Amino acid sequence: MIRIFVDSASDYTLEDLKNQNLELFPISITIGDETYQDGVNLRRDDLYRMLSSGCPHPTTSQPSPQLFLDAFEAACQAGDELIYITLSSALSGTYQSACMARDMVEYDKIYVIDSLSATYTIKLMADHAASLREQGHSAAEIVAEVEALKSRTKVIAVPDTLEFLYKGGRVSRTGAAVGTLANIKPIITVTPEGKIGVPGKCIGMGKAQAYVMKHLQEHPVDTGFPLYSIYSYGTENCEKMEARLAAAQISVTERLQIGPTIGTHIGPNALGVVYVEK
């Protein structure tokens, strides 16, 4: 049997994981004195409401190495093959911890893939892996296909404010203050190296959405894969983005909500697009 794992940064719901026969390594999120398991016992809207109410800024913790070790040893004992698609190694130590656990088990049928990305781009990879599994491909073949696909998975997003990027250490206090006063909307992507990139800044959400459309023209969509519009909390900005996509005859497969692991740094009222580049 081939088992496919993701972590909470993939933003799957528990229902979608079940439907795709995928398994989860949850990421922990601590808010004040409370610690939650992302994707298990922290509702997305609740997280954004807490952010909006001025709660202590959440901190995230990667899955425990023991969790990896237990799952990998179980796969070894059962003779299963296991594929784990992780949050980018440039954003978390999850990939490195999983590789250490794999090496401790010394079982050559465990494959750890560094997605070099986050949020629903990981879903694109994992859904593709699940589809290939259903078609009868071997684990090694699935890994090769995902490795080939991952450089074409793209996310481009627009936070409504720089506040949460500052609190998460992504921008300076001065940059956040100036951005707020000037109504600057940063354009956020994940670089080929798996890091957070800011390829542009726009004054106002309208110009930011126009930037996203220009990006899609320069990096066209592979219509053989889904295209997702994504939002954090509040769909108004996302709906306006979807109207621009429709006017450009770009079909949206589904609107999906950004989960707590990534949403902690994005904040409410963000929008974005996730797709595979042609």
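## A short tour, starting from Phe25

Select Phe25 to begin: this residue is buried, with a relative accessible area of 2%. Keep in mind as you look around that the model is predicted.

**Stop 1: an aromatic pair**

Next, add Tyr84 to your selection, which is buried too, at 0% relative accessibility. How many aromatic pairs does the structure hold? The count comes to eight. In the pair you now have on screen, the ring centres of Phe25 and Tyr84 are 4.9 Å apart and the planes stand at 70°, so the pair is edge-to-face. Colour the strands and you will find Phe25 in strand 2 (residues 23-25) and Tyr84 in strand 6 (residues 81-86), so this pair ties together parts that are 59 residues apart in sequence.

**Stop 2: two rings on one helix**

Now show helix 3 (residues 65-78) and pick out Phe68 and Phe72, which sit four residues apart, about one turn of the helix. Their rings form a stacked pair, 6.2 Å centre to centre, with 15° between the planes. Are these two buried or exposed? Phe68 counts as buried at 0% relative accessibility, and Phe72 counts as buried at 0% as well.

To see how the first two stops join up, add Phe5: Phe5, Phe25, Phe68, Phe72 and Tyr84 form one aromatic cluster.

**Stop 3: two packed helices**

Move on to helix 5 (residues 120-134) and helix 6 (residues 139-150), which pack at an angle of about 150° with their axes 10 Å apart. That angle makes helix 5 roughly antiparallel to helix 6. The crossing of helix 5 past helix 6 is right-handed.

Show side chains here to see who meets whom. From helix 5 come Leu124, Met125, His128, Ala129, Leu132 and Arg133; from helix 6, Ile142, Glu145, Val146, Leu149 and Lys150. What kinds of residue make up this contact? Seven are nonpolar, one is polar and three are charged.

**Stop 4: a loop residue**

Keep Arg133 selected and add Asn269: their C-alpha atoms are separated by 36 Å, and the two residues are 136 residues apart along the chain. Asn269 is in the loop between helix 11 (260-266) and strand 13 (271-276). At 32% relative accessibility, Asn269 counts as partly exposed.

Finally, display what surrounds Asn269. Leaving aside neighbours within four places in sequence, Asn269 is in contact with Val158, Asp160, Met205, Ser232, Tyr233, Gly234 and Asn237.

Terms used: Residues are numbered from 1 along each chain as its sequence is written. This is a predicted model: local features need pLDDT of at least 70, side-chain atom pairs count only at pLDDT 80 or more; totals for chains, interfaces and linings use all residues. Side-chain values use heavy atoms; hydrogens and water are left out. Rings of Phe, Tyr and Trp (its six-membered ring) pair if their centres lie within 6.5 Å; planes under 30 degrees apart count as stacked, over 60 as edge-to-face and the rest as tilted. Buried means under 20% relative accessible area, exposed over 50%, partly exposed in between (1.4 Å probe, protein chains only). Axes are lines fitted to C-alpha atoms, for helices over the stretch in contact, and angles run from 0 to 180 degrees between N-to-C directions. Angles under 35 degrees count as roughly parallel, over 145 as roughly antiparallel, 65 to 115 as roughly perpendicular and the rest as oblique. A crossing is left-handed if the near helix is turned anticlockwise from the far one by less than a right angle, and right-handed if clockwise. Contact means heavy atoms within 4.5 Å. Ala, Val, Leu, Ile, Met, Phe, Trp, Tyr, Cys and Pro count as nonpolar, Asp, Glu, Lys and Arg as charged, and the others, Gly among them, as polar.
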